[in-house]
Amino acid sequence: MDNADEIRSAIAQGLTMPNEAPTFDLLSRAVLAADELGEKALAVDARLALVRAYVFSAEAEKALAPFAWCLHTLRTTPEVVPDHSVASILWYFKSAVTIAAASPRVSAEQVHALEQDMEREYRAQGKSMHAVHGTRVRSARHLGEEERRERELVAWRAAPRDDRSDCEACDPEREIQWFIDQGQDEAALAVASPILTGQLGCKEQPARVQALVAASMERLGRREEAWRTHVAAYRRHRAQERHIGQIGDHLTYLVVSGRLRRGLAVLRAHGSWTNRIFQVAHLLAFLAPATALLESLVEAGAGEELLGVDLPAHEVFSPGHEVGAGSTIAEAAEALRRWACVIAADFDRRNGNTVVSSRIGRTMSTRPLDPDRGEDTVEFFEVPAAPAPPGNGSANAPSSPASPGSHGPRLPWSGSARPVAPTHPKDLAEAIAERSFHALRADRDRAGAGWDAMVELLDQDVPSEVAVDAHACAVNAFHALADATSAEGHLQAMRDLVDMESTDPATLFDRVQLFMAEATLAPSGDQDAWPPLVATAVDLVRQLRTRLDQYCAEQELREIALASVLLTWPPTQWRDETLAAEAIALCEDATRALVAVAGDPDRLHEARALTGVEMVRAVMGDVLGACQRLDALLMSFETVPMSVFLGANRALANISASHGFKEEAIHSLREIVNLYGAAGRVPFVLADMQLLVRLLANSGRTMEAAEVLETCLEHCRGPRYAELRLRLRTSLLTLFVELEEDESLLPLALECARARGERGETETQQYCLEKAGAAARGLGDFDQASELMQQCAALEQGEDLRSQFTRERYLLSAAMDLSSQPTLHLARERLDRIRDLLDQAEGLVRKMEVEQGSDFSPLWELSHVEATRSQCLLACGEEDEGLARAERALAGFRETGDADRELRILLVAARVLLLGRERPGAREDARRLLEEAAPILVRWSEDADVCCEHERLTQILERGRP
């Protein structure tokens, strides 16, 4: 940096960059350059920018030194400090006092002196004492001066707000914290209400307040609201180290609510931050609840489990207190308690009291409100609710601790809850040996280790008499794992093994399994694939009926009954009156015959048949009746067998989802997933979870959908899950976009783009790169956004019109990104590259050949390129050329009749003429453009932004520059 302009550009750039090491380095170099030039005012601005960067980072304590320099300069040579810098010094005084108080290395006397300096400067500048008292509330908490803290809180409430007060959304946080510290949860939530309800908000809020009050909500019995509050805030806090204090608030909530396993996952996700936090109070705010979590886990019997994450020692604050990933939870709990106590003792020595130690001790003693209640195994849903009175609850909701309460209105088939009986699964190898696909299918779900373990078993040699069963299971397994190639391989193996001519019951059963496997892999959108499958189903039903009408032994009856049940789970493409009637009759008759021979003391045969029959009836149009009868089935059991519960709920979920009853489908799927989760078998309901994601997303519940999808990904581990994991991660991109979680979106999108590129999936790779570019743009990294758009353009290699058009759009987007720099200096540095990208885009348009029947307009497209070129040039300070290009674009849009584009260019040009550099005749030209825009505006008056811009520019024209 050789001159003042370059220093100013660096400062402006630093203010838009993430508050991380590259920003600190850039601004530090700006400070040194300003000092070398002897530019005092510029040196103040550079240091204040550095203060801001440190304050909003994990290294807040480093802000004190540059702030002290600025304060000294203001006192000794106030004439060199511009007014805007004085305002910034007053603003960052609040942070400086709080940071000093939060460090036991700064004496209490020094903190008090800094507080007095703050008051003196505020009074000298004629400011209200509101910010002064508010800052003292926070510093008094760190100093353990509770009586003074209360006095300052009263004074803060009484003082009027002014332009140096914290924003209205952040201001109440100090009062909320006071009430929580005093154990007054209701008062804390009353103060937080405007923030929680969205009346007040800012970049930091409501997330900080949500994290702070989640435990209060839990203690007051507002469990579902507390959970949603925690999830919403945690998603905002999990990506930045500076939020480690808020992560501590989340851990407190998770302990109080008894969600200890999720708490451990959060600790494992953020434990490695402990050596990168340069504000010891934040580190302590993390260590204390982490201790409470680990001690609660020890008391719950998990003390011998490994911690699973390194908590590195901090080289400045209490070095030597690291905790290794190989420690047991019990050992880690003891180590973290010692660590927290050492830091708290440092505060006590500085403060001359034991208030901080006492407060930290209370936090470390936090325990679940109801340790016997258990924990929702699948954490992304509402929490369990007590069973409702008869007639008002849900037959779908067992009174199991792993089961959530209902969400939203219940449909007319809702009944009362019934407890669910536990199951004791057989070994999977035993199930295969039993020569029963149903047993394989059922016990596959109980294997517990995951789809990959099941597939490994099926990869081994299996007896020839169960080979068809094994391949059928493999088709389902690989289909669930999104491995179409392997699924098709096992389907072909089934075709090779099954005798399609035999009518022997065992062979018929194999044919039914083959038929179901083919239906599973049939593309749902291929209408031509379904009529032959329906015809095959009808044929199989009739052959099974023929065998049933003959004398059958018990084993034959079992196979016919099982086969008939399989044939009653058709998708909506099977809507065929003949098939439905015959399948229902076969299923009911086969089950009656089996019960007459073998008995049905547990009513499992009856329930299985009824579930399949009602699925058919629902497909044929009797949706309400089918759901009511399934509900009645569940209600008829005093204790619902697990297989009945799962079968009926899957049927209810499928029926509800197929007919637009999203909330009911969500409810049923939630029950299934939670029960599987309680049994440690989440990998076997990944398909249910994916359907649940789609339903939640389509219902506008994006955050819940993302939580479910991320939980799916947690259970997709190992090489067997590679295909499914990539597909799910790609789906997660859309949810991150909707949630505006750019910090999470960018790395995920880049990883998915790399993986898709390695597989040669260009179209999906472009999709992922587009999402990454949007995230980079949202994070202010316009260079990276431009580079990603250029990568998208490079992937579009086709010579057809669509490909050239797409490539042109990517190049224009890349140019726009490069011109969107935070400073004019940075934009001008990239001007040559911007011109090159725009020239490439124009060249593509000029060589495009219009295809017959195409609505493509070369003139319009060239005008669009000129409009984009104009925007880029204006952003780079090339006003004359930018206006000339705007005139060209204007002529083209007028000729093609695009009034909307014409209007927008008129306003852009008028804005430049009125607010850009002075030039002869600018006001007259601007007046002409605004007059030309007026009649067009009448046709576009519904666009409020355009109308407001025209009105604003007209006022500037009449009154002069603001």
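**A buried isoleucine and some aromatic neighbours**

With a relative accessibility of 0%, I672 counts as buried, since the cut-off for that label is anything under 20%. This value, like the others here, comes from a predicted model. I672 belongs to helix α30, which covers residues 662–678. Setting aside the residues within four places of I672 in sequence, its contacts are L646, N649, R650, V685 and D688. One of these partners, N649, is 23 residues away from I672 along the chain, and the C-alpha atoms of the two are separated by 7.0 Å.

Turning to the aromatic side chains, three aromatic pairs were counted in the model. Consider F67 and F93, whose ring centres are 5.1 Å apart and whose planes meet at 70°; the pair is therefore edge-to-face, as angles over 60 degrees are given that name. The pairing joins distant parts of the chain, with F67 in helix α4 (residues 64–76) and F93 in helix α5 (residues 83–101). Along the sequence, F67 and F93 are 26 residues apart. Are these two phenylalanines, F67 and F93, buried or exposed? Both F67 and F93 turn out to be buried.

Aromatic rings also meet arginine side chains in this model, and two such cases are worth a look. R47 is placed over the face of W69, at 3.7 Å from the ring centre. In the second case, R603 lies over the face of F637, and here the distance from the ring centre is 4.3 Å.

Notes. Residues numbered from 1 in each chain as written. Predicted model: local features only at pLDDT ≥ 70, side-chain atom pairs only at ≥ 80, totals over all residues. Heavy atoms only, no water. Phe/Tyr/Trp six-rings, centres within 6.5 Å; stacked < 30°, edge-to-face > 60°. Helix = DSSP H or I, 4+ residues; strand = E, 2+ residues; numbered from the N terminus. Buried < 20%, exposed > 50% of the residue type's maximum accessible area, 1.4 Å probe, protein only. Lys NZ or Arg CZ within 6 Å of the ring centre and 35° of its normal. Contact = heavy atoms within 4.5 Å.
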